[in-house]
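Student: Before we discuss any labels, could we look at the chain together and ask what each descriptive term rests on?

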Amino acid sequence: MASLPPLKEREFEMAEMQTLFPFVRIVKQDKMKRALLLNVVDPSIGGVLIKGEKGTAKSTAVRSMAQFLPARPAVKGCAYRCDPRYPKRLCADCQARIAAGEGLETVKVPMKVIELPLNATEDRVSGTLDLEYVLKTGKKKFEPGVLASANGNILYVDEINLLDDHIIDLLLDSAAMGVNYVEREGVSFSHPARFVLVGTMNPEEGNLRPQLLDRFGLSVEVEGEDSITTRTEVIKRRLAFDADPEAYVDSCKDELKALTKQIEQARKLITEIPVDDNAVTMAAKLSMKFSMEGHRSDITLIRAARANAALAGRKEITKDDMKDVAALVLAHRIKRNAFDKTKFDESEVTECLARM
């Protein structure tokens, strides 16, 4: 019996996306969805940490983003899918091609969700240098890791609180700098690694160190629904999806296309939104109100509020934008005692901004 020809990688990806519960059909969890979309519009926000009990659609929301993420330009044939719009961010290979007088052909590539295995080693994450090849030929040979695949994409880490701290540090450093540095026995190599880091976790299994929490641009806590109406709607949608996943995803393809278009328009609009003195003052007042240390929260507030305005199709940052993102930016940065579970009081945000 003749064997069937293997499917191409893209066909596998399309088949996998058809079996993911659609992002647009997740009931409520609006803050979680907003935090994810804001990072897609402006990756410089710094990623998002999603905390919550099991069964609250954390992983479902992140993985299903592959169904609507917009395509982006990339250099054809580049192992890191460098973005030709930013010449200074090109990898060494692309720069060498330009220096040799070779033109870089541009192609459109889909933005993906790259998932990091929980047991991944440092070599698997950052990649490794083949020292034997270097010594024999005098040339560098790099075996790409997860960070190479993540460039220009979303890097998802499920149960991030169970990952070794030094691996989390590596991910956060690379995300912040946009570059992955690999050094071994005096031989070094670097490549672009600009990605949106998304982590999910169940606080019952342990928490992250405060220093690591602060490195995430946004954080959101999700909870199970206690409304009969909402819970029954969740059940109905899930059972309908399980009965015929492909048909269910197909039934909301127009919503997914609309979301893709909204993100693409927001990405274009965000460059036209000025950061005026009023926006800066609002961010500073909120950070002081909640006793933030340093200025990371102020800058993240402005970036998130601007992305929020772009998603709404507006060309200015308003108080409502600050209110929408304040909890996402500030809640995980507030100093609390070890057993203090007091929730972030959003009424204080409204009170603070009302005085302006």
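**Reading the labels on a predicted model**

Tutor: Let us begin with a helix pair in this predicted model: on the α2 side, Lys 31, Arg 34, Ala 35 and Leu 38 take part, and they meet Asp 324, Val 325, Ala 327 and Leu 328 of α15. By class, this contact has five nonpolar and three charged residues, with no polar ones.

Student: Why are α2 and α15 called roughly perpendicular to each other?

Tutor: The axes of α2, residues 30-41, and α15, residues 319-330, come within 11 Å and cross at roughly 90 degrees. Angles of 65 to 115 degrees count as roughly perpendicular, and the two helices are therefore given that description.

Student: What makes α2 largely enclosed by the rest of the structure?

Tutor: A residue counts as buried when its relative accessible area is under 20%, and nine of the 12 residues of α2 are buried, so the helix is described as largely enclosed. The buried residues are Met 32, Lys 33, Ala 35, Leu 36, Leu 37, Leu 38, Asn 39, Val 40 and Val 41. Ala 35 and Leu 38, listed here as buried, are also among the α2 residues that meet α15.

Student: How do you know that the span of α2 is close to the expected one?

Tutor: The helix has 12 residues, and from its first C-alpha to its last it reaches 16 Å, which is set against the 16 Å expected at 1.5 Å a residue.

Student: Why is Val 40 counted as buried?

Tutor: Val 40 lies in helix α2 and has 0% relative accessibility, which is under the 20% cut-off, so it counts as buried. Leaving aside neighbours within four places in sequence, Val 40 is in contact with Met 65, Leu 69, Pro 70, Ile 154, Ile 263 and Arg 267. Its C-alpha atom is separated by 24 Å from that of Pro 144, which is 104 residues apart from it along the chain.

Student: Lys 28 and Gln 29 both lie in the loop between α1 and α2; what makes one partly exposed and the other buried?

Tutor: Lys 28 has a relative accessible area of 45%, which falls between the 20% and 50% limits, so it is partly exposed. Gln 29, with a relative accessible area of 13%, is under 20% and is therefore buried. As for the backbone, Lys 28 has a positive phi of about 55 degrees although it is not a glycine, and Gln 29, also not a glycine, has a positive phi of about 50 degrees.

Student: How do you know that Ser 64 is buried, and what does its side chain reach?

Tutor: Ser 64, placed in the loop between α3 (58-63) and β2 (71-75), has 0% relative accessibility, and since buried means under 20%, the residue counts as buried. Its side chain reaches the backbone oxygen of Thr 60 at 2.8 Å, a separation within the 3.5 Å limit for a polar contact. With neighbours within four places in sequence left aside, Ser 64 is in contact with Leu 20, Phe 21, Pro 22 and Phe 23.

Student: Why is Cys 252 called buried, although its place is in a loop?

Tutor: The loop in question runs between α11 (245-251) and α12 (253-269), but the label rests on accessibility: a relative accessible area of 0% is under 20%, so Cys 252 is buried. Beyond neighbours within four places in sequence, Cys 252 is in contact with Pro 22, Val 24 and Arg 25. Cys 252 and Arg 25 are 227 residues apart along the chain, while their C-alpha atoms are separated by 8.1 Å.

Student: What makes Val 275 partly exposed?

Tutor: Val 275 lies in the loop between α12 and α13 (277-289), and its relative accessible area of 38% lies between 20% and 50%, so the term partly exposed applies. Leaving aside neighbours within four places in sequence, Val 275 is in contact with Val 280, Ile 302 and Arg 306. The C-alpha atoms of Val 275 and Ile 302, 27 residues apart along the chain, are separated by 7.6 Å.

Conventions. Residues are numbered from 1 along each chain as its sequence is written. This is a predicted model: local features need pLDDT of at least 70, side-chain atom pairs count only at pLDDT 80 or more; totals for chains, interfaces and linings use all residues. Side-chain values use heavy atoms; hydrogens and water are left out. Axes are lines fitted to C-alpha atoms, for helices over the stretch in contact, and angles run from 0 to 180 degrees between N-to-C directions. Helices (H or I, at least four residues) and strands (E, at least two) are DSSP runs, numbered from the N terminus. Angles under 35 degrees count as roughly parallel, over 145 as roughly antiparallel, 65 to 115 as roughly perpendicular and the rest as oblique. Contact means heavy atoms within 4.5 Å. Ala, Val, Leu, Ile, Met, Phe, Trp, Tyr, Cys and Pro count as nonpolar, Asp, Glu, Lys and Arg as charged, and the others, Gly among them, as polar. Buried means under 20% relative accessible area, exposed over 50%, partly exposed in between (1.4 Å probe, protein chains only). A polar contact is a pair of N or O atoms within 3.5 Å; within protein, one must be able to donate a hydrogen and the other to accept it, and residues adjacent in sequence count only if both atoms are side-chain atoms. The expected span of a helix is 1.5 Å times one less than its number of residues.
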